[in-house]
Amino acid sequence: MDNVDLAIDTDLARQILSGFIKTELHRAGYEHAVVGLSGGIDSALSCYLAAEALGPQNVLAVRMPYKSSSADSLEHAQMVIDDLGVPATTIPITDLVEPLFQHDPQMSSLRRGNIMARARMIVLYDQSEVFKGLVIGTGNKTEILLGYTTLYGDSACALNPLGDLYKTQVRQLARAMGVPEPILTKPPTADLWKGQTDEGELGFTYAEVDKLLYLLVDQRYSPQDCIEAGFSTGFVNKVVEKIRRSHFKRVLPPIAKLSNRTVGYDFLYLRDWGT
Amino acid sequence: MKINLALAQINTQLGMVERNLEQHLQLIQQARQMGADLVVFPELSLTGYVLQDLTPAVAHAPVPEDPIFRKLFEESRGIDIAVGFVDEDSRHRFFIAAAYISKGTLVHVHHKLYLPTYGLFDEGRFFAWGDHVSAFDTRFGRMGMLICEDFWHASPPYLLWLDGADVFLFMSASPGRGLNARPQLESARWVEQLNQAYASLFTAFVAHSNRVGYEDGLNFWGGSTIFDPDGNLLIKAKYHQEELVMAELDLNQLHRTRARLPLLRDERTALVQRELDRILHHSSQMNR
C-alpha cells in the first residue's frame with residue numbers, strides 16, 4: 001500500500017474549485033458566501049477557496065464557540081480571518097444549546113455533539129440570510145465516506161468544494177494556499193468535547209484510511225483485494241461497514257413512489273437548470 | 001489549399017437554447033472577423049450537457065423553418081459552422097447531434113453513436129443511439145464528425161477514414177476527472193492522446209472542440225486541440241477557460257505526409273472485412 005499515491009496538483013485543484021464556487025454561487029443568483037470557521041483545516045481551506053473565488057470582502061467568516069471550545073480553536077480561526085481579511089462575526093452557541101442539555105443531565109457526548117453541530121447549522125443559515133450569501137460546505141471525502149459528520153449539522157451547506165478531496169489531499173491544498181502552519185499541523189478535532197480528536201475517536205489515522213478508501217472507492221478494489229494489498233482484515237472490514245452503514249447520510253431521504261413521475265426517480269434536472 | 005479552422009471553446013447555459021444561440025452568433029461573427037473558414041462548436045453547444053428531463057424541451061430540427069437553425073443558416077453564408085444540438089427525428093426520438101452548415105444549407109448531420117451510460121454518464125437513459133456514420137464533402141474536402149464517446153471507440157474514426165475523411169471534427173462536452181499529481185486531469189490526458197493517435201494513425205487533421213464551465217459539480221476542461229497529419233500539435237486552447245482559437249490547416253500536408261507514409265494506401269480493407277466477418281459470424285468464443 002506504500003504505492004498508493006494521493007498527491008494532487010494543487011494549482012489545478014485550486015483553479016477548478018475556486019471556479020466551481022464562483023460559477024455555482026453566481027448561477028444561483030448570489031455574490032456572497034458564508035463559511036463557519038472552526039479553527040480546523042477543512043473550514044480554513046473552504047474559506048481560502050471562497051475568498052479567492054469571490055474576493056475576501058464577499059465572504060463572511062462565522063465563529064461559533066461553545067463555552068468548552070478550546071481557546072486554540074478561536075485563535076486559529078482568527079488567524080484565517082486576519083490573513084484573508086474577510087469580514088467576520090462571532091456568535092457563541094452556548095445559550096442556544098444549554099437549555100436542551102439541561103433538559104437531560106444524562107445526555108451522552110454524542111447527543112451533545114450532534115446538538116452543537118445542528119445549532120451551528122442554524123446560526124450559519126441565519127447568517128446566510130443576513131449576509132445574503134450561500135453556506136459553503138467544509139466536509140471532505142474521507143468524512144463523507146465514513147459518515148463522520150452530523151446529518152443536518154456540519155454536513156449542511158449550499159455547495160461543497162472539498163467533498164471529493166481526501167483529508168490527506170485537503171492538507172496538501174491547504175498548505176499550498178497558505179493556511180497558517182498551526183492549523184496545518186494540529187491534530188484534527190471536532191472540538192465537541194475536551195480532548196476529542198478525530199483519529200482517537202475513529203481508531204485509525206487519516207493517512208491510513210485515506211489510502212484504503214482510495215483503493216476501495218476510486219480504484220474499485222474489492223475488500224479482499226485491499227487485504228491482499230497489505231491492509232489488515234479487521235481494518236478493512238471496519239471501514240467497509242462504516243461506509244455501508246453511513247450511506248443514508250449521503251443520499252436524500254427516499255420518497256415512497258406512488259405516481260408516474262416522482263421527485264428523485266423520474267423528475268431529473270440538475271440544480272443549474274436554466275442557468 | 002489552406003483553411004483557417006476555428007474552435008469555439010465555450011461555456012453554455014443549461015437548457016437555454018436561445019441564449020446559447022446568441023453566444024454562437026457572436027462567436028461566429030468573431031471567427032469570421034479573424035478570417036476563419038470554419039468554426040467548430042462543442043458537443044451540445046446549443047443546449048448544455050447534463051440535460052436529463054430537459055431533453056425533449058430543447059430539441060430542434062436542423063431545417064430552415066426552425067427559428068434557431070434559420071439564424072445559423074443565415075450566418076453560414078460567410079463561414080462554415082459545426083454546432084452541437086439535440087435532434088428530434090420524425091418519430092420523436094432524441095439524438096445527441098452535430099450539424100455541419102455551409103452557404104445557407106445543411107451539409108451533414110451526425111447522431112452520436114456511442115452513448116456512455118456508466119460512471120457519471122447517463123446518456124443512454126435519455127437519448128436514442130445513432131446508427132450511421134459517414135464522411136461528407138465540404139468546400140474544403142471530405143470531413144467526418146464524431147461526438148465525444150464516439151472517438152473513445154476506434155471503429156468510428158476508422159470507418160470515417162475509409163469513407164474519405166481527411167479532416168476529423170471531434171466535438172465534446174468532456175467532464176474533468178482524475179485529479180492526481182500531474183498538471184493535467186486524467187480525462188484531458190486521455191483525450192489528447194487519442195486525438196494525437198488518430199492524427200498519426202490516419203495521417204489526417206484532427207480538430208477537437210471541447211467545452212468549458214460547470215454544470216452542478218461537473219467541470220468541463222476545454223483544452224481544444226488541432227493535430228496535423230504528422231501528429232504535430234498545431235494549436236491548443238487553454239484549460240477551463242472560454243477561448244476562440246484558430247489554426248491554419250495546410251491541406252497539402254496530406255500530400256506530403258502520405259507520400260512519406262502511405263498508411264492509407266496500404267490499408268488492407270478486404271482483409272479487415274474478411275476477418276471481421278470470421279470473428280463476428282464464425283467465432284462463438286468471442287464473448288466468452
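In the predicted model, the axes of helix 2 (residues 71-84 form its partner, helix 3) of chain A come within 10 Å of those of helix 3 and cross at roughly 15 degrees. Angles under 35 degrees count as roughly parallel, and helix 2 and helix 3 of chain A are therefore roughly parallel to each other. The crossing of helix 2 of chain A past helix 3 of chain A is right-handed. On the helix 2 side of chain A, the contact is made by Ala44(A), Cys47(A), Tyr48(A) and Ala51(A). Helix 3 of chain A contributes Val80(A), Asp83(A) and Leu84(A). By class, this contact of helix 2 with helix 3 of chain A holds 6 nonpolar residues, no polar residues and 1 charged residue.

Helix 2 of chain A also packs against helix 7 (residues 167-176) of chain A. Here the angle is about 50 degrees, and the axes of helix 2 and helix 7 of chain A are 10 Å apart. Helix 2 and helix 7 of chain A are therefore oblique to each other. Helix 2 of chain A passes helix 7 of chain A in a left-handed crossing, whereas its crossing with helix 3 of chain A is right-handed. From helix 2 of chain A, the residues involved are Ile41(A), Asp42(A), Leu45(A) and Leu49(A). They meet Lys167(A), Val170(A), Arg171(A), Leu173(A) and Ala174(A) of helix 7 of chain A. The contact of helix 2 with helix 7 of chain A divides into 6 nonpolar, no polar and 3 charged residues.

The sheet of chain A comes next. It is open and has 4 strands, in the order 3-2-1-4, with parallel pairing. Strand 3 (88-90) and strand 4 (133-135) of chain A are the edge strands, and each pairs on one side only. On average, neighbouring strands of this sheet are turned by 25 degrees against each other, direction ignored. Strand 1 (residues 32-36) and strand 2 (residues 59-63) of chain A run parallel and are joined by 4 bridges. One residue pair illustrates the register: Val35(A) has Ala61(A) in strand 2 of chain A as its bridge partner. Helix 2 (residues 41-54) of chain A packs on this sheet and touches strand 1 and strand 2 of chain A. The direction of helix 2 makes about 170 degrees with that of strand 1 of chain A.

A further helix pair in chain A consists of helix 4 (residues 94-103) and helix 5 (residues 109-131). Helix 4 and helix 5 of chain A pack at an angle of about 145 degrees, with axes 10 Å apart. Their crossing is right-handed. Helix 4 of chain A supplies Leu96(A), Val97(A), Leu100(A) and Phe101(A) to the contact. Helix 5 of chain A supplies Arg112(A), Ile115(A), Met116(A), Ala119(A) and Val123(A). The contact of helix 4 with helix 5 of chain A has 8 nonpolar residues, no polar residues and 1 charged residue.

Chain B carries an open sheet of 6 strands in the order 6-7-8-9-12-13, and the pairing is mixed. Strand 6 (136-138) and strand 13 (233-236) of chain B stand at the edges with a single partner strand each, so one side of each has no neighbour in the sheet. Neighbouring strands of this sheet are turned by 20 degrees against each other on average, direction ignored. Strand 9 (residues 205-210) and strand 12 (residues 225-227) of chain B run antiparallel and share 3 bridges. Val206(B) has Phe227(B) in strand 12 of chain B as its bridge partner. Helix 4 of chain B packs on the sheet, where it touches strand 7 and strand 8 of chain B. The direction of helix 4 makes about 165 degrees with that of strand 7 of chain B. Helix 5 (residues 186-201) of chain B lies across strand 8, strand 9, strand 12 and strand 13 of chain B. Helix 5 of chain B runs at about 25 degrees to strand 12 of chain B.Strand 4 (residues 94-102) and strand 5 (residues 105-111) of chain B pair in the antiparallel sense over 6 bridges. Ser102(B) stands opposite Thr105(B) in strand 5 of chain B. The two strands form a hairpin with 2 residues between them. Lys103(B), in the turn, has a positive phi of about 50 degrees.

Aromatic pairs number 21 over all chains. Phe151(B) and Phe170(B) form a stacked pair, at 4.3 Å centre to centre and 5 degrees between the planes. Phe151(B) lies in the loop between strand 7 (141-147) and helix 4 (155-162) of chain B, and Phe170(B) in strand 8 (residues 167-172) of chain B, so the pair ties together parts 19 residues apart in sequence.

Note on methods. Residues numbered from 1 in each chain as written. Chains lettered and ligands numbered in written order. Predicted model: local features only at pLDDT ≥ 70, side-chain atom pairs only at ≥ 80, totals over all residues. Heavy atoms only, no water. Pairing = 2+ DSSP bridges. Axes fitted to C-alpha atoms, helices over the stretch in contact; angles between N-to-C directions. Contact = heavy atoms within 4.5 Å. Parallel < 35°, antiparallel > 145°, perpendicular 65-115°, else oblique. Left-handed = near helix turned anticlockwise from the far one by under 90°. Nonpolar A, V, L, I, M, F, W, Y, C, P; charged D, E, K, R; others polar. Phe/Tyr/Trp six-rings, centres within 6.5 Å; stacked < 30°, edge-to-face > 60°.
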